[in-house]
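Colleague: Please take one part of this model and look at it closely. Keep the sentences short, and explain each term as you go.

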Amino acid sequence: MASFSLQEPVEQFLDRIASAEPAPASGSVAAVAVAMAAALVAMAARLAHEWPKASEVVERAEALRSRVATLALADADAYTKVVEALRLPPDSPSRAAKLAAALSGAADVPLEVAEAAGEVAVLAALVAQEGNDRLRGDALVAAELAAAGARGAAELVAINLAGLDDPRARRAKDLAAATLPR
């Protein structure tokens with residue numbers, strides 16, 4: 001697996017995504033999208049000088065950005081374990097258990113992304129409504145990115161838990177639905 005760093009240039013990160021390596025992929029991309037959404041929320045709130053809640057929103061958005069950025073790396077690591085389990089011989093006695101454990105672990109990361117995305121979407125809507133009107137577009141783009149990240153992450157949870165009656169799949173789906181505009 002190709003490892004990556006959030007310190008590398010965007011073009012290099014895009015090249016890694018486009019490569020034949022299985023990671024980073026959709027989970028990392030969803031996490032980065034949500035982190036970018038949180039960054040937009042922080043910027044738009046930071047420039048809403050007349051808004052009393054601005055500093056509180058900036059602080060929360062920055063915390064979410066940091067949390068979700070680390071999930072981009074965690075997702076790549078979790079998926080690496082899935083690939084390793086899939087590479088075990090089909091007749092290996094431990095393959096099924098290792099694959100089930102790896103898929104379960106791979107569902108946890110996008111669930112966390114969906115949880116953070118829901119919060120970022122709420123903050124973005126708040127900034128769009130109450131922040132600086134000139135930065136409303138930034139807040140709306142943040143809301144859309146967060147919603148897309150939540151929906152994508154929810155699908156990954158469902159895929160990783162396919163065939164299981166696991167409450168995490170329902171939770172992720174609910175989180176994604178909550179980011180849709182009303």
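Modeller: I will begin with the whole chain, go in to one pair of helices, and then turn to other places.

This is a predicted model, so local features need pLDDT of at least 70 and side-chain atom pairs count only at pLDDT 80 or more, while totals for chains, interfaces and linings use all residues. Residues are numbered from 1 along each chain as its sequence is written, and side-chain values use heavy atoms, with hydrogens and water left out.

The chain has six helices and zero strands. Both are DSSP runs, numbered from the N terminus: helices are H or I with at least four residues, strands are E with at least two. In sequence order the pattern reads α-α-α-α-α-α. The radius of gyration is 18 Å, close to the 16 Å that the globule rule gives for 182 residues, so the chain is as compact as a globular protein of that length. That radius is taken over C-alpha atoms, and the rule is 2.2 Å times the number of residues to the power 0.38. Along the principal axes, the C-alpha atoms fill a box of roughly 65 × 35 × 20 Å. Of the 182 residues, 43% count as buried. Buried means under 20% relative accessible area, exposed means over 50%, and partly exposed lies in between (1.4 Å probe, protein chains only).

Now the close look: H4 and H6. Their axes come within 9 Å and cross at roughly 25°. H4 is therefore roughly parallel to H6. Angles under 35 degrees count as roughly parallel, over 145 as roughly antiparallel, 65 to 115 as roughly perpendicular, and the rest as oblique. Axes are lines fitted to C-alpha atoms, for helices over the stretch in contact, and angles run from 0 to 180 degrees between N-to-C directions. The crossing of H4 and H6 is left-handed. That is, the near helix is turned anticlockwise from the far one by less than a right angle; clockwise would be right-handed.

A salt bridge joins Arg168 and Asp108, at 2.5 Å from N to O. This pair links distant parts of the chain: Arg168 lies in H6 (residues 167-178) and Asp108 in H4 (residues 95-130), 60 residues apart. A salt bridge here is a side-chain nitrogen of Lys or Arg within 4 Å of a carboxyl oxygen of Asp or Glu. Arg168 counts as buried, at 17% relative accessibility. Asp108 is partly exposed, at 34%. Arg168 also forms a salt bridge with Asp166, with the closest N and O atoms 2.8 Å apart. Asp166 is buried, at 18%.

The structure holds nine salt bridges. One of them pairs Arg16 with Glu8, at 3.0 Å between the closest N and O atoms. Arg16 is partly exposed at 22%, and Glu8 is buried at 15%. Arg46, Glu62 and Arg65 are linked in a network.

For another helix pair, take H2 (residues 26-46) and H3 (residues 54-86). They pack at about 165°, with axes 8 Å apart. H2 and H3 are therefore roughly antiparallel. Their crossing is left-handed. By class, the contact of H2 with H3 has 19 nonpolar, two polar and four charged residues. Ala, Val, Leu, Ile, Met, Phe, Trp, Tyr, Cys and Pro count as nonpolar, Asp, Glu, Lys and Arg as charged, and the others, Gly among them, as polar.
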